[in-house]
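Thanks for coming, everyone. I'd like to walk you through one structure today, so please have a look at it with me.

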Amino acid sequence: MPGTAAIRLTQYAHGGGCACKIPPGELESVVGGLAPVVERPNAELVVGLDTGDDAAVVRADGGPAIVATTDFFTPVVDDPYDWGRIAATNALSDVYAMGGTPILAVNLLGWPRDVLPFELAAEVLRGGCDAAGAAGCHVGGGHSVDDPEPKYGLAVTGLVEPDRLLRNDTARPGLPLSLTKPLGIGVLNTRHKSTGERFEQAIDAMTTLNRDAAAAAARAGAVCATDVTGFGLLGHLFKTMRASGTSAEIDVAAVPYLDGARDAVRAGFVSGGTRRNLDWVRPHLDPGSAPEEDLLLLADAQTSGGLLVVGEVPGAAVIGRVRPAGAATISLR
């Protein structure tokens, strides 16, 4: 085994982060129509598979509802501690995207035990525990397997008051669209994987919890939100508008990007996942006069991105507005 200081974790995976997601169209063809037959359910399923929301939600009699989710992926950066923090922050985000509070997580670890030293795995786990700790969420064990590629993430359980639940099928025409983190994480991660350059602005964005953004959305009275991850802004926006029976108009000039993101696109550092996102949404998109460069950035596969909220969130960029259903689900202006 090579010394730990010389190891670049991103070189041990075919992709990185949420860009490794199964393309949305293929995924929907697999999970469409799935529903377990439960004759005597122990709790009411409030949010399930129907709209492809960020997490499942169940409610028993009395008390808050339970939010359940899981997320894991291959290395998105070379530093093992940072990868652990990013993967955990990303998994916790699904609970925040539902308006909930994470309370318990368990680790999910795949490790090529004969290829990479376990000292690196320990750093990954330490990063994940630190991110969960910052969220006030316990980490209570987990599961590991011998895997050809390193993979890490969390299965997370949270709580949400039913009247504060954020869903992806409750958008209403006339309301603004707010984005709580800049885009460009994916193209910077792709550049990092290719060149080894470290982008602190991307790491800072990926390790920022969506807790404060979710709390701000709740205070603003929002009822509809999703987080922007592997399907890109366009993909997650399309899913939300489709589930809500609405459309969206985006002001391209209002969308914020991380420093260096546009340069990365121009240099060709675009993942296959980003291109598949754009291909999936393009039939439902009126691009206006937006160049392909902007379309790729809007479809960029994010890892641990921000929240896309229907409503105005203080401190977040207002990037567009919800419209009644139209010929195009998303229009760019």
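A word on terms before we begin: helices (H or I, at least four residues) and strands (E, at least two) are DSSP runs, numbered from the N terminus. Please keep in mind that this is a predicted model, where local features need pLDDT of at least 70 and side-chain atom pairs count only at pLDDT 80 or more, while totals for chains, interfaces and linings use all residues. Residues are numbered from 1 along each chain as its sequence is written, and side-chain values use heavy atoms, with hydrogens and water left out.

Let's start with Leu-109, which sits in strand β4, residues 101-111. Leu-109 is buried at 11% relative accessible area; buried means under 20%, exposed over 50%, and partly exposed in between, with a 1.4 Å probe and protein chains only. Its C-alpha is 4.5 Å from that of Ser-144, although 35 residues separate the two along the chain. Setting aside neighbours within four places in sequence, the contacts of Leu-109 (heavy atoms within 4.5 Å) include Ala-121, Leu-125, Val-145 and Tyr-152.

Now to the core. By nonpolar core I mean a set of buried Ala, Val, Leu, Ile, Met, Phe, Trp, Tyr and Cys residues joined through side-chain atoms within 4.5 Å. The largest one has 93 residues, and Leu-234 is among those with the most contacts inside it, along with Trp-83 and Trp-111. Helix α2, residues 80-97, gives the most to this core, with 9 residues.

Where does Leu-234 belong? It is one of the buried residues of helix α7, which runs over residues 232-244. Since 11 of the 13 residues of α7 are buried, the helix is largely enclosed by the rest of the structure. Beyond four places in sequence, Leu-234 touches Leu-278, Val-281 and Ile-330, among others. Right after α7 comes Gly-245, with a positive phi near 70°.

Finally, the charges. There are 18 salt bridges, each a side-chain nitrogen of Lys or Arg within 4 Å of a carboxyl oxygen of Asp or Glu. In helix α2, Arg-85 and Asp-82 lie 3 residues apart, about one turn, and their closest N and O atoms are 2.8 Å apart. Which of these two is buried, and which partly exposed? Asp-82 is buried at 5%, whereas Arg-85 is partly exposed at 23%.

A longer-range pair is Arg-323 with Glu-249, at 3.6 Å from N to O. That bridge links strand β12 (residues 317-324) to strand β9 (residues 246-250), its partners being 74 residues apart. And shared partners join Asp-82, Arg-85, Arg-198 and Glu-200 into one salt-bridge network.

Technical notes
The expected span of a helix is 1.5 Å times one less than its number of residues.
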